[in-house]
Amino acid sequence: MSNRVGRVERTTRESSVLVEVDLDGSGKVEIDTGVPFYDHMLTAFGSHGALDLVVRATGDTHIDAHHTVEDVAIVLGQALRAALGDKSGIRRFGDAWIPMDETLAHAAIDVSGRPYCVHTGEPEVMVGFTVGGNYPTVLNRHVFESIAFHAQIALHLRVVHGRDPHHITEAEYKAFARALRAAAEPDPRIGGIPSTKGVL
């Protein structure tokens, strides 16, 4: 397969973001968003997705984490879309079950070119909880919706059960990473575009 690397920079009045992603990496990550728990989640995403991932962001985190978290998700999605290229020779579909202590999360992905996100199952505690004093877990759905939209993938992500907001969030990021890794993997039996339409 050709070089599957995406690099996107985006600057607004609220943030400045750089993302570099290599789909054929080995999980080497360099993350600095100014939101420590988000750094932890993106590190898990890169490591478990076997992506080489660089994320550098500065933003108005003195106001709130929201703008920086959202803008990083947008740029990450755009970089993934660029890295996927024409999607020739990939498996296209992938899914993963991730247990984390009391939590179980499941992600299923279609690298379809049709952006869609279904995010379900988080307990009500996630709406008002902030992990580490810096990452509001109410942002989880927005992160995954933003990545799915800009990467042009269909993502179904659900929390089957869970109690600890840290574990729930981490299981979701890891499930997404593993499902994406499976979907983006080369399929030795398929040489072209994995669609009867001939394009994704």
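This is a short tour of one sheet, the helices packed on it, and a glycine further along the chain. The model is predicted.

**Stop 1: the sheet.** Select strands 5, 6, 10 and 7. These 4 strands form an open sheet, in the order 5-6-10-7. The pairing is mixed. Now colour strand 5 (93-100) and strand 7 (116-120). Both stand at the edges with a single partner strand each, so one side of each has no neighbour in the sheet. Look along the sheet next. Neighbouring strands are turned by 10° against each other on average, direction ignored.

**Stop 2: a strand pair.** Select residues 103-110 and 154-161. These are strand 6 and strand 10, paired in the antiparallel sense over 7 bridges. Pick A107 and look across to strand 10. Which residue stands opposite A107 there? L157 does.

**Stop 3: the helices.** Show residues 140-151. This is helix 3, which packs on the sheet and touches strand 7 and strand 10. The direction of helix 3 makes about 160° with that of strand 7. Then show helix 4, residues 165-184. Helix 4 also packs on the sheet, touching strand 5, strand 6, strand 7 and strand 10. The direction of helix 4 makes about 150° with that of strand 5.

**Stop 4: G191.** Move on to the segment after helix 4, where G191 lies. Is G191 buried or exposed? G191 counts as exposed because its relative accessibility is 68%, and the cut-off for exposed is over 50%. Add S88 and G89 to the selection. G191 touches both, leaving aside residues up to four places away in sequence. Finish with a distance: the C-alpha atoms of G191 and G89 are separated by 4.9 Å, though the two residues are 102 apart along the chain.

Note on methods. Residues numbered from 1 in each chain as written. Predicted model: local features only at pLDDT ≥ 70, side-chain atom pairs only at ≥ 80, totals over all residues. Heavy atoms only, no water. Helix = DSSP H or I, 4+ residues; strand = E, 2+ residues; numbered from the N terminus. Buried < 20%, exposed > 50% of the residue type's maximum accessible area, 1.4 Å probe, protein only. Contact = heavy atoms within 4.5 Å. Pairing = 2+ DSSP bridges. Axes fitted to C-alpha atoms, helices over the stretch in contact; angles between N-to-C directions.
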